[in-house]
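Hi,

Here is the structure I promised to pass on. Have a look at it first, and my notes follow underneath.

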Amino acid sequence: MSYLANLAKIFVASAFVNNIVLLQFLGLCSYIGLTDNMDASIGMGYAVTFVTVVAAAVTWIIDHWILIPYHLQPFLQIVSFILVIGSLVGLVEIYIKKMSPNLYKSMGIYLPLIATNCLILGVTFINSMHNFDFVESIVEATGSALGYFMAMLILAGIRERLRNSELPDFFKGKAIAFMVSGIVALAFMGFQGMIK
Amino acid sequence: MKTFVISILTVGGFGALFGALLGYFAEKYKVEENPLAKAIYDVLPHGECGACGFPGCHPCAEAIAEGRAPVDACVVGGAATAAKVKKVIEEFKKEKVKS
Amino acid sequence: MKKYLKIIWNGISPSNPVLILAIGLCSVIAVTNSVKNALLMSFAFSFVLIASEIIISALRKAIPNEIRVPIFVVVIATFTTIAALLARAYFSSIYEAIKLYILLVVVNCIIIGRAEAFAYKNPVIDSLFDGIGMSIGYSWVILAIAAVRELFGNGTIAGLQVFPSAYKPALVMILPPAGFLVIGVLVGWLETTLKKKEAKK
Amino acid sequence: MNKIMKLTLVLGLIGAISGGTLAGVYKFTAPVIKAQDAKELQAGLSEVFPGNYEFKKLEIKLKSPDPAIQIGDVYAVKSGKNVIGAILKVSSPGDQAPIVMLVGVKKDGRISGVKILQSLETPGLGANASNPHYYVNKEKKITFLDQFKNKKVTDPFVPKKDVIAITGATITSTAVSKGVKIAGEVAYSYFKKGGGS
């Protein structure tokens with residue numbers, strides 16, 4: 001298999017076959033919390049995509065330039081990754097807030113939410129477990145983030161419809177959001193045949 | 001022994017670097033904001049989980065300050081945080097009356 | 001003593017599972033496909049939560065307000081790594097199956113939330129009891145869900161055959177979609193019960 | 001300025017303590033983990049090559065023809081002084097994380113056994129690959145891995161053709177089959193070139 005085909009496979013696998021939200025359960029807090037609001041879902045989607053890709057790049061460098069050469073990976077990976085991602089996101093947020101209030105409103109406000117989002121950290125750990133090279137890590141990160149974006153849009157759209165429909169009391173609120181996600185997840189399991 | 005030194009230097013170095021940067025950025029790029037929102041933000045848990053339906057603790061604090069959300073909006077903090085938020089708002093109102 | 005019991009009860013009481021389901025979700029759905037996984041996860045979670053609460057509470061006067069969150073994160077990450085190393089050393093086969101989610105205890109909103117909302121403002125002993133209460137609350141929720149899913153999805157509980165082997169397991173119960181469905185039913189049930197209770201008052 | 005100094009110091013100090021603590025804990029757990037791994041490896045080796053043989057790690061690197069599949073350690077299987085086969089550690093991209101397995105290859109180009117060391121496959125589906133109670137052939141009680149025993153490395157190793165796939169887990173079935181096939185081919189060509197003799 002050529003290198004490019006391999007990248008395409010990683011992308012499809014991370015976006016569909018192993019959809020990070022629906023089949024790997026990462027980033028669920030914001031997935032359930034924010035999809036009540038379509039605009040917030042879109043803003044969060046952009047912000048997550050941006051941060052995941054940056055985080056994947058930065059953590060790859062830390063992993064391969066510091067942790068692996070000095071044999072620190074088994075015990076310093078978690079601390080270094082979270083410290084670096086958290087701080088970088090914090091810095092970017094402070095900077096955007098001052099420099100571009102418009103960008104801050106549409107994307108920046110979601111940044112703090114992301115620093116402690118399990119999706120970002122999860123993707124970096126997955127990259128490291130797979131021993132991906134730099135480009136593969138970026139592709140995996142992009143695919144996962146877009147998979148998250150897609151799941152957010154799907155659920156936000158469905159919940160927008162549900163708001164106007166009559167539901168039994170039992171299902172109101174989060175309960176129905178979970179059940180719908182279950183059904184969407186079932187549909188996503190159908191993608192499993194895509195990779196051979 | 002070598003491992004110890006390198007570990008301490010690595011994580012300590014990261015900590016020092018980002019401590020310095022965060023301190024520097026916070027000062028250099030300071031933004032004036034609604035003092036009530038800031039006061040409320042200070043007592044929220046900063047878990048940034050989004051469970052309240054707002055994208056993070058800061059927007060949640062702003063919403064509470066502007067009356068768009070109830071004082072017990074934070075799911076993580078529960079009753080303890082709700083009480084604190086209430087206190088902050090009451091104190092803030094008192095100060096306003098004084099001045 | 002009564003005060004401590006109250007702190008512990010606060011973690012176990014019926015309103016808490018709703019909280020756990022709302023913000024500790026990722027790991028809840030992921031590890032509840034078998035009781036063994038859930039058990040290891042609850043050990044890891046309890047260890048990290050209790051140890052972090054104690055340390056943060058002890059350091060609470062030395063931590064500058066501006067960088068408290070990065071400090072909490074470093075403390076929690078340290079204990080998560082310790083938990084992961086111990087799990088890897090002594091329970092390696094289960095650990096391999098849920099590795100990712102054990103590593104991700106570090107960003108569990110419950111832990112950072114309790115660190116900030118409780119440990120940062122209360123003395124060490126109180127924080128210890130808060131940690132214990134919350135851990136019991138978390139553990140019973142995930143163990144209960146895991147027992148139901150494993151029982152119907154595989155006919156076993158913690159690997160022991162419960163249903164006769166003639167029972168054809170509903171495989172979907174241990175697959176990802178059912179995680180969402182079971183939690184949906186549970187959330188619906190808990191929320192309606194709580195609403196009824198409030199209405200009575 | 002003073003404040004920045006303080007933040008730097010505090011965060012740096014906490015980081016340093018954390019780094020030191022972790023290094024200490026790692027020093028303590030590393031031998032346990034190593035012993036555990038060695039025990040598992042020994043058990044794994046004798047499982048994929050049943051019989052009373054001696055296993056010797058070879059200091060060679062074998063190249064895999066497929067970039068997605070990596071070949072790790074190679075062990076020679078010895079009966080007395082004669083090498084009668086080899087065991088290869090291969091990792092093949094699975095459902096979520098690589099599936100790491102041991103593949104035993106006899107000198108005549110037949111697979112002696114397969115064991116999965118690490119995998120993160122979906123429970124109930126792909127995870128059945130290493131489940132000793134999941135039979136792909138219920139009458140004969142043959143598990144998914146059992147079917148590779150005594151298979152010729154020149155066989156196609158394609159699920160649903162000459163390999164019985166795990167229900168609902170095509171990715172896992174293919175990943176394992178491919179890994180076994182490549183390990184077999186590589187080891188066989190190594191023997192043919194005179195390696196191990």
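Let me start with contacts in chain A: taking those with a separation of 6 or more, 76% are between residues 24 or more positions apart. Bear in mind that this is a predicted model.

As for what chain A is built from, there are 9 helices and 0 strands, so along the sequence you just read α-α-α-α-α-α-α-α-α. Its radius of gyration is 18 Å, close to the 16 Å that the globule rule gives for 196 residues, so chain A is as compact as a globular protein of that length. The C-alpha trace of chain A spans about 60 × 50 × 30 Å along its principal axes. Of the 196 residues in chain A, 57% are buried.

Now chain D. Here you'll find 2 helices and 7 strands, and the order along the sequence is α-β-β-β-β-β-β-β-α, with a helix at either end of that pattern.

What radius of gyration does chain D have, set against a compact globule of 197 residues? Chain D comes out at 21 Å, whereas such a globule would be near 16 Å. A box of roughly 75 × 45 × 30 Å, taken along the principal axes, holds the C-alpha atoms of chain D.

On burial, 45% of the 197 residues in chain D count as buried. And for contacts in chain D between residues at least 6 apart in sequence, 52% link residues at least 24 apart.

That's what I have on these two chains. Shout if anything is unclear.

Cheers

Methods:
Residues are numbered from 1 along each chain as its sequence is written. Chains are lettered from A and ligands numbered from 1 in the order in which they are written. This is a predicted model: local features need pLDDT of at least 70, side-chain atom pairs count only at pLDDT 80 or more; totals for chains, interfaces and linings use all residues. Helices (H or I, at least four residues) and strands (E, at least two) are DSSP runs, numbered from the N terminus. The radius of gyration is taken over C-alpha atoms; the globule rule is 2.2 Å times the number of residues to the power 0.38. A residue is buried if 20 or more other C-beta atoms lie within 10 Å of its own, exposed if 12 or fewer, and partly exposed in between; C-beta atoms are placed from the backbone. Two residues are in contact if their C-beta atoms, placed from the backbone, lie within 7 Å.
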